Amino acid sequence: MFSGLRNPLADPEDEVVENVKEALRGADGHSKLIGDYITVRRGLQMYVVEGVGLVTNLNGKGTDDGPPYRDMILEDMRKLRFPRPEEFLSSPDTAIVLVRAYIPPLVRKGDPLDVEVRLPDGSGAGSLRGGTLLECTLTEVAYAPGKGHLKGKVLARAQGAILGANLGDGPSDDDFLRGTIPGGAVYVGDDRDLAVTLQREYSNYRMSTRIANRIGERFYERDRSGIQQKLADAKTHSRIDIQIHSQYRDNYPRYLQTIRHIAIRETAVEKNLRMQELAKQLQEGPTAMSAAIRLEAIGRDALPYLKSGLKSDSLEARFYAAEALCYLSNTSGVDVLREAIDKEPAFRVYGLAALSASRSPEAVVALQSLLQHDSLETCYGAFRAITTIDPNEPIVTPVKTNANFRLHLVDRDSRPFVHVTRRQKAEVVLFGADQMLNTPLVLRAGRSIIVRSSRAGDRLIVTLFQPGQPEERREIPPRLADLILTVDELGVRYPEVLQMLVEADAQGNLAGPLGIDELPKAGRIYTRPGSEGSATETPVGGGDVPNVYDTADHSESATVGPIDPEDDELSPEGLGDVGFTLE
């Protein structure tokens, strides 16, 4: 970094020692912030896990072909003492599929993962519509020169009803060869934490210890005995392992920002002078974002200075001050965040994430008020934040269903909304618990259920058709919640419920808009009021997405390889399990 000023013939180790001395002394040209000495080594990469599975309930469109997958599936079924495996595979209702999931950054054991399912090339199966993936294991996969793809540890277990890949994006895809299962896998591997590496010219154990101690002084948790546990540990002269703080569990990009702005060395006098200067910068929109994150990195000593930012004439400045206060477990800025979320879309996703991180009663009250907002993304964003704070909060407690999805009925005074998810979880939210369907209508719910309105339009007739069985009929009010619960009781699963809602929306039967993964967006532009009537535009948040609101497709950026890139070779554990690369 600064070694170009030194004798090129000097011993490299001596030069590193001298670099470290000058950095810790604060010599001219050396940064005071940790972020200028480290790079993230491990923990933020998406990783691919893959396997082979069986899909059932294909209504005659399945097949038992697909060597070599068939032979390997049979071998696994025999190991599990599966009764009559050849007969099961030969059923036209069954097909062999390739399964993939992505392990996200900083994942914890038990976290849900989205699943992708597809038929292998050359498969004779006609469609995955109506299919259910039986439980299968997913393993890490790496490429070894001369050996091809190798399978490693079992890291996830996947199962569930399959959604059509294009559901909600266009015409109904009655036959599809690819699909997804939102939240259909469970991560069973070890918790993933961060590892950072010191830049080479500062790779010295004294430096790594100092940085780990500074991070640990700012970020720590308490164990069951109340003993303070630092979240950073210097493992070597160049590597520091960092656990994520619970306050940032759902927004790890901000955690990294905060760590990068911790001072590597600072006297009490220097810190006070710096906080006073940052407090001035916090009052003005153009400098408020940077000042707020630097004050947040200082910690609780910066609370009075952040609170002063709440009095700024600039909404932008008030927002950044309030956001940082929430991450410091202070509720002084909750009302400011609610105002910013309401009025300015560019601040919305970051304000909601901050309220979620606050986990305070005041934040929950503010979020509850936003459930009445006139935009669907704000309503659902607030809903997601509340369920992140407490999934058992009475206002969002789900109604019990038989299928593996959640139905939430949220009271709403104004125009109703319906929201469904295709990522992270299987969930239907009715904003307007008593919203009624517009009649006349005719809807399908899966292969076997037809829904019609009565002639008068005041009742719905739900009819179940099953081969060899008499028709089963139910009459219910044209209330959307009653319809969903009725078809659920008759055996309809989440993909069929979504298809029914998409069809109802297309026909104009819903009382309000249908949203699919309608989350607040990151990277929006804020138009800042300027002097003399001029205005400037600035991006908010640097484009980073709080992971609680991230529904992006990460398939192109995911890595095929061991979860821990420090492993020179895959662990032999799990090498006998089925796992194949999806080309």
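Two strands are taken to pair if DSSP finds at least two bridges between them, and the strands themselves (E, at least two residues), like the helices (H or I, at least four), are DSSP runs numbered from the N terminus. The structure described here is a predicted model, in which local features need pLDDT of at least 70 and side-chain atom pairs count only at pLDDT 80 or more, while totals for chains, interfaces and linings use all residues. Residues are numbered from 1 along each chain as its sequence is written, and side-chain values use heavy atoms, with hydrogens and water left out.

A convenient place to begin is the sheet that contains β9. Four strands make up this open sheet, in the order β1-β9-β13-β12, with antiparallel pairing. Its edges are β1 (38-42) and β12 (232-234), each of which pairs on one side only. Ignoring direction, neighbouring strands of the sheet are turned by 30° against each other on average. Within the sheet, β9 and β13 (residues 239-242) run antiparallel and are joined by four bridges; L194 has I242 of β13 as its bridge partner. Two helices accompany these strands, where contact means heavy atoms within 4.5 Å and axes are lines fitted to C-alpha atoms, for helices over the stretch in contact, with angles running from 0 to 180 degrees between N-to-C directions. Helix α4 (residues 205-218) lies across β1, β9, β12 and β13 and runs at about 170° to β12. Helix α5 (residues 252-260) also packs on the sheet, touching β1, β9 and β13, and its direction makes about 145° with that of β1.

Other strand pairings are found further along the chain. Strand β14 (residues 398-399) runs antiparallel to β15 (residues 406-410), and two bridges join them. The bridge partner of P398 in β15 is H408, and six residues separate the two strands of this hairpin. On the other hand, β15 pairs with β17 (residues 427-431) in the parallel sense, over five bridges. L409 is matched there with L430 of β17.

Attention now turns to helix packing. The axes of α7 (residues 285-298) and α9 come within 8 Å and cross at roughly 10°. This makes α7 roughly parallel to α9, a description used for angles under 35 degrees, with those over 145 counted as roughly antiparallel, 65 to 115 as roughly perpendicular and the rest as oblique. On the α7 side the contact involves G285, P286, A288, M289, A292 and E296, which meet E316, A317, Y320, A321, A324 and Y327 in α9. These residues divide into nine nonpolar, one polar and two charged; here Ala, Val, Leu, Ile, Met, Phe, Trp, Tyr, Cys and Pro count as nonpolar, Asp, Glu, Lys and Arg as charged, and the others, Gly among them, as polar.

E316 appears again in the salt bridges, each defined as a side-chain nitrogen of Lys or Arg within 4 Å of a carboxyl oxygen of Asp or Glu. The whole structure holds 27 of these salt bridges. One of them joins the side chains of R528 and E316 at 2.7 Å, N to O. With R528 in strand β23 (residues 525-529) and E316 in helix α9 (residues 315-327), the pair ties together parts that are 212 residues apart in sequence. Both R528 and E316 are buried, meaning under 20% relative accessible area, whereas exposed means over 50% and partly exposed lies in between (1.4 Å probe, protein chains only).

A second pair, R108 and D191, has its closest N and O atoms 3.8 Å apart. R108 sits in the loop between β3 (95-103) and β4 (112-118) and D191 in the loop between β8 (178-187) and β9 (194-198), so that distant parts of the chain, 83 residues apart, are linked. R108 counts as buried because its relative accessibility is 16%, whereas D191, at 43%, counts as partly exposed. R108, D191 and D193 are linked in a network of salt bridges. A further salt bridge joins E266 and R274 (2.5 Å, N to O), and E266 is partly exposed, at 26%.

Finally, helix α14 (residues 480-489) has seven of its ten residues buried, so it is largely enclosed by the rest of the structure. The buried residues are L480, A481, L483, I484, T486, V487 and D488. Just after α14, G491 takes a positive phi of about 105°. V462, in strand β20 (residues 460-464), counts as buried at 0% relative accessibility. Leaving out residues up to four places away in sequence, V462 touches residues including L483, T486 and V487.
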